[in-house]
Amino acid sequence: DNWLRHIGDVANKHEARLAGLEDPQRRHARLCELNVIEQVLNVCQSTVVEDAWARGQPLTVHGWIYGLDDGLVRELGIGVTGHGRLQEAYEAALGTVTDNGGLP
């Protein structure tokens, strides 16, 4: 349960985005995309990353997802280069999550 709890939290947080998708495959793909975006947020808020940025160290955290159905790696439109850009990048990435959940 501890390993999967975060997925449930993401599903609850983005319930409205997921509710509009009746196709289970599309809803699953959307949930995976949202989970990657949320994980980028978590990594950027870690002390290791925040300390690196505070030192002026160049560091970018990217959100990519691998499609098991097509074998493609896709950029989810979130690349964060500093703490001051985190919220803006997060909101922009949420705006790019496609209605079809990455499926053709």
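**Exercises on a predicted model**

The buried residues of α4 pack against α3 (24-44), β1 (61-66) and β2, in a model that is predicted.

**Exercise 1.** Determine which residues of helix α4 (residues 47-54) are buried and on which side of α4 they lie.

*Solution.* Begin with the burial of each residue: in helix α4, which spans residues 47-54, the buried residues are Val49, Ala52 and Trp53. Next, consider their directions around the axis: because these residues cover an arc of only 95 degrees, they are placed on the same side of α4. Then turn to the face of α4 directed away from that buried side, where the exposed residues Thr47 and Ala54 are found. Finally, follow the chain just past α4, where Gly56 adopts a positive phi of about 85 degrees.

**Exercise 2.** Locate His14, decide whether His14 is buried or exposed, and identify its contacts beyond neighbours within four places in sequence.

*Solution.* First, place the residue: His14 belongs to the loop that joins α1 (5-13) and α2 (15-19). Second, apply the cut-off, by which buried means under 20% relative accessible area; His14 has a relative accessibility of 5% and therefore counts as buried. Third, set aside the neighbours within four places in sequence, whereupon the contacts of His14 are Leu34, Glu38, Tyr90 and Leu94.

**Exercise 3.** Find which residues make the nonpolar surface patch of about 520 Å², and state in which strand Val73 lies.

*Solution.* The patch is formed by Trp64, Tyr66, Leu68 and Val73. Of these residues, Val73 can then be assigned to strand β2, which covers residues 73-80; β2 is also one of the elements against which the buried residues of α4 pack.

Definitions and conventions: Residues are numbered from 1 along each chain as its sequence is written. This is a predicted model: local features need pLDDT of at least 70, side-chain atom pairs count only at pLDDT 80 or more; totals for chains, interfaces and linings use all residues. Side-chain values use heavy atoms; hydrogens and water are left out. Helices (H or I, at least four residues) and strands (E, at least two) are DSSP runs, numbered from the N terminus. Buried means under 20% relative accessible area, exposed over 50%, partly exposed in between (1.4 Å probe, protein chains only). Contact means heavy atoms within 4.5 Å. Patches are made of residues with over 30% relative accessible area and no salt bridge: like charges are joined within 9 Å, nonpolar side chains (Val, Leu, Ile, Met, Phe, Trp, Tyr) within 5 Å. Accessible areas come from the Shrake-Rupley method with a 1.4 Å probe; for residues, only the protein chains shown count as cover. A salt bridge is a side-chain nitrogen of Lys or Arg within 4 Å of a carboxyl oxygen of Asp or Glu. The arc is that of the directions from the helix axis to the C-beta atoms.
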